[in-house]
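Trainee: Please take me through one part of this model in detail. I would like to look at the nonpolar packing and what surrounds it.

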Amino acid sequence: MSLNEPLLVATTNPGKIREIRAVLDPLPFRALDDLAPIVEPEETGRTFADNALLKARYYARASGLTTIAEDSGLAIDALGGRPGVESARYPGATYDDKFANLFRELEPHPRPWTARFVCSVAIVAPPDGAGRPDGRILFTCEATVEGEITTEPRGTNGFGYDPIFVFPAYGGTLAAQTNERKLAVAHRGRAFRRVREYLERVGVR
């Protein structure tokens, strides 16, 4: 990877960008919103790692940039790991609707409703015309945070499923924590600290 080559973080989610920037700062990167619009790929992977790699390859090809992509979501044991890779597409027009639907699904199951957040990351170089049409995989990792699903949303910080995910050591949901306390333990913070270590190791400054 050229050290002068800009890095693309392939997401338009403002909450994710905020968290990733907090971990990677001051390492330079661009987000999808900084580029001309690129049609989103269909996320057909069966695992978070599958989708992270699929997105990294797709956006590296489309942009010509070394691309960092992540796929993340909530896996609930009582629901067999659902919503999993369908977390963003779980039924509900809003997250309040998604929470209500999850609570209805969980109601027949005994508590505690153990769960985890998962974040998979892939970094892929753009195609180089030397027999690598999908680009070269530079780095992959996956991080999790274990917790439980609460019976009602709590907290106004964070985004996504944070208001219903309790981190036991904090005694509350991730949405009830400051940004710093959340990132210290959460899946995306853990994964992107490993990304930062990799980037610093290869000389990105």
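Mentor: What follows is a walk through the nonpolar cores and two residues to compare with them. Keep in mind that the model is predicted.

Start with the largest nonpolar core, which has 25 residues. Those with the most contacts inside it are Ile68, Val121, Ile123, Ala191, Phe192, Val195 and Leu199. Five elements give two or more residues each: strands E1 (7–9), E4 (113–124) and E5 (137–149), plus helices H1 (14–24) and H5 (187–202). H5 supplies the largest share, five residues.

Now zoom in on Val195. Leaving out residues up to four places away in sequence, Val195 touches Leu24, Ile68, Val121, Ile123, Phe139 and Cys141.

There is also a second, separate core of 20 residues. Phe99, Trp113, Phe165 and Phe167 are among its members. As a general background, nonpolar side chains in soluble globular proteins tend to be buried together.

Next, His187. This residue lies in helix H5. Is His187 buried or exposed? His187 counts as buried because its relative accessibility is 3%, and the cut-off for buried is under 20%. Beyond residues up to four places away in sequence, His187 touches Ser72, Phe117, Val118, Cys119, Ala143, Thr144 and Val145.

Finally, Pro112. Pro112 sits in the loop between helix H3 (95–106) and E4. With a relative accessible area of 48%, Pro112 is partly exposed. Pro112 and Arg201 are 89 residues apart in sequence. In space, their C-alpha atoms are 41 Å apart.

Methods
Residues numbered from 1 in each chain as written. Predicted model: local features only at pLDDT ≥ 70, side-chain atom pairs only at ≥ 80, totals over all residues. Heavy atoms only, no water. Core = buried A, V, L, I, M, F, W, Y, C linked by side-chain atoms within 4.5 Å. Buried < 20%, exposed > 50% of the residue type's maximum accessible area, 1.4 Å probe, protein only. Helix = DSSP H or I, 4+ residues; strand = E, 2+ residues; numbered from the N terminus. Contact = heavy atoms within 4.5 Å.
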